[in-house]
Amino acid sequence: MKQHPDLLDVRRLRLLHELSLRGTLAGVAEALHQSPSSVSQALTQLEREVGVPLLEKVGRRVRLTPAAEVLVEHTAVILQRLESAASDVAAQGDQASGTVRLAVFQSAASAFMPQMLTELAARHPRLRVTMSQREPEQALYETWMREFDLVIAEEYPGHTARAYPNLHRQPLTTDLLRLAVPPSGDPWDAITSIAAAAGAPWTMEPTGTASRRWAEQLCREAGFEPDVRFETDDLEAQIALIESGNAVAILPDLMRVRRKPQARMIDVDPRRRSVFTATRTAISTTPAIRACRKALASVVPRQILVP
């Protein structure tokens, strides 16, 4: 006999919701730190509760039935309301506490995260912040998926970051992206523009990243395909390649905030990259999120200006 709908277990409903997003039982298990067998057993129990099939096998995978899709739609509303309820309760207090899971891209992490964390430790000793480096596109998705609470992300000129429902964005700062070349000597002295770097060896971030797409587009607009010999997402490694006379690269001014590389910087585009924070709307007013955003605003200028 199926149970009355008001007895459905929210934890099992969340598993079904996660399955609709991640596609596989293994993906759900990994994300929620459970075993695939326990996830499968919980979903089987949920089927018994609702009294109708929720999953059907398609080869070695499973697919949600139409009934499951209806249940997932309602579950999304339930989860958002539960998070909003917790947020409203937390907002009743004045002290920021608990844990904020923060995702940040590399140049932002090195430019201002140390100061931001120091500011938070002094003003909000009960607040625990964890930080993970992520590509902004991945971090935005994972914040929407509730794996992070706050993300510092970037948006390149002419390229809009993907918008996710119920994510609250707030501008943080802007910076320029410039062509960085070894400081002197042949053939570097002759490079004064993107077009002049057509024959140079390049270092770029991995294929598919927003920075790589933007840098390649600059080169193509200048009439050439860059000779990318060194591929790394470590911008400090890119700087080392430039300083040692092995490559050129597009570097954001954020990488020059704490230490100016021994490189000649060439302006290539007057448009500025946007840096912003994003969090789920349901938790955007909690003292913890507000404290993090306020600390960032206190240590990050509205516009990065590095001569």
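At 12% relative accessibility, Glu-216 counts as buried, a label that applies because the value falls under the 20% limit. The model in which this residue sits is a predicted one, and the account below starts from the charged pair around Glu-216 before turning to the sheets and the aromatic rings.

## Charged pairs

The side chain of Glu-216 meets that of Arg-220 in a salt bridge, with 3.7 Å from N to O. Both residues belong to helix α7, which spans residues 210-221, and they are 4 residues apart, about one turn of the helix. Arg-220, unlike its buried partner, is partly exposed, with a relative accessible area of 40%. The pair is also part of a wider arrangement, since salt bridges that share partners join Arg-212, Glu-216, Arg-220, Glu-225 and Glu-231 into one network.

Side chains of opposite charge can pair when their charged atoms come close. The structure holds 26 salt bridges, and three of them are set out here.

| Salt bridge | N to O distance | Location |
|---|---|---|
| Glu-18 and Arg-22 | 2.7 Å | helix α1 (residues 10-22) |
| Glu-155 and Arg-169 | 3.3 Å | strands β5 and β6 |
| Glu-216 and Arg-220 | 3.7 Å | helix α7 (residues 210-221) |

Within helix α1, Arg-22 and Glu-18 are 4 residues apart, about one turn of the helix. Glu-18 is buried, with a relative accessible area of 2%, whereas Arg-22 is partly exposed at 22%.

Where do the two partners Glu-155 and Arg-169 lie? Glu-155 is in strand β5 and Arg-169 in strand β6 (residues 167-175), and the pair, 14 residues apart, links distant parts of the chain. Glu-155 is buried, with a relative accessible area of 15%, while Arg-169 counts as partly exposed at 38% relative accessibility. Arg-169 has a further contact, for it lies over the face of Phe-276, at 3.7 Å from the ring centre.

## The five-stranded sheet

Strands β5 and β6 are both members of an open sheet of 5 strands, arranged in the order β4-β3-β5-β12-β6 with mixed pairing. The edge positions are taken by β4 and β6, each of which has a single partner strand, so one side of each is left without a neighbour in the sheet. On average, neighbouring strands of this sheet are turned by 25° against each other, direction ignored.

On one side of the order, strand β3 (residues 98-104) runs parallel to strand β4 (residues 127-133), and 7 bridges join the two; in this pairing Gly-98 stands opposite Leu-127 of β4. Together with helix α5 (residues 106-123), which comes into the same unit, β3 and β4 make a right-handed β-α-β arrangement. Strand β3 is also joined to strand β5 (residues 150-155) by 3 bridges, again in parallel, and here Leu-102 stands opposite Leu-150 of β5.

At the other end of the order, β6 pairs with strand β12 (residues 273-280) in the antiparallel sense over 8 bridges. Leu-167 is placed opposite Arg-280 of β12 in this ladder.

## The three-stranded sheet

A further open sheet consists of 3 strands in the order β10-β7-β11, with antiparallel pairing. Its edges are formed by β10 (249-252) and β11 (264-267), each with a single partner strand, so one side of each has no neighbour in the sheet. The twist averages 45° from one strand to the next. Strand β7 (residues 177-181) is joined to β11 by 4 bridges, the two running antiparallel, and Ala-180 has Met-265 as its bridge partner in β11.

## Aromatic rings

The structure holds 5 aromatic pairs. In one of them, Tyr-156 and Trp-214 have ring centres 5.8 Å apart and planes at 40°, so the pair is tilted. Tyr-156 lies in the loop between β5 and β6 and Trp-214 in helix α7, so this contact ties together parts that are 58 residues apart in sequence. Are these two rings buried or exposed? Tyr-156 is buried, with a relative accessible area of 7%, and Trp-214 counts as buried as well, at 3% relative accessibility. Elsewhere, ring pairs link Tyr-141, Trp-144 and Tyr-164 into a cluster.

Terms used:
Residues are numbered from 1 along each chain as its sequence is written. This is a predicted model: local features need pLDDT of at least 70, side-chain atom pairs count only at pLDDT 80 or more; totals for chains, interfaces and linings use all residues. Side-chain values use heavy atoms; hydrogens and water are left out. Two strands pair if DSSP finds at least two bridges between them. A crossover is right-handed if, with the strands pointing away from the viewer, the path from the first strand over the helix to the second runs clockwise. A salt bridge is a side-chain nitrogen of Lys or Arg within 4 Å of a carboxyl oxygen of Asp or Glu. Buried means under 20% relative accessible area, exposed over 50%, partly exposed in between (1.4 Å probe, protein chains only). Rings of Phe, Tyr and Trp (its six-membered ring) pair if their centres lie within 6.5 Å; planes under 30 degrees apart count as stacked, over 60 as edge-to-face and the rest as tilted. A charge sits over a ring if NZ of Lys or CZ of Arg is within 6 Å of the ring centre and within 35 degrees of the ring normal. Axes are lines fitted to C-alpha atoms, for helices over the stretch in contact, and angles run from 0 to 180 degrees between N-to-C directions.
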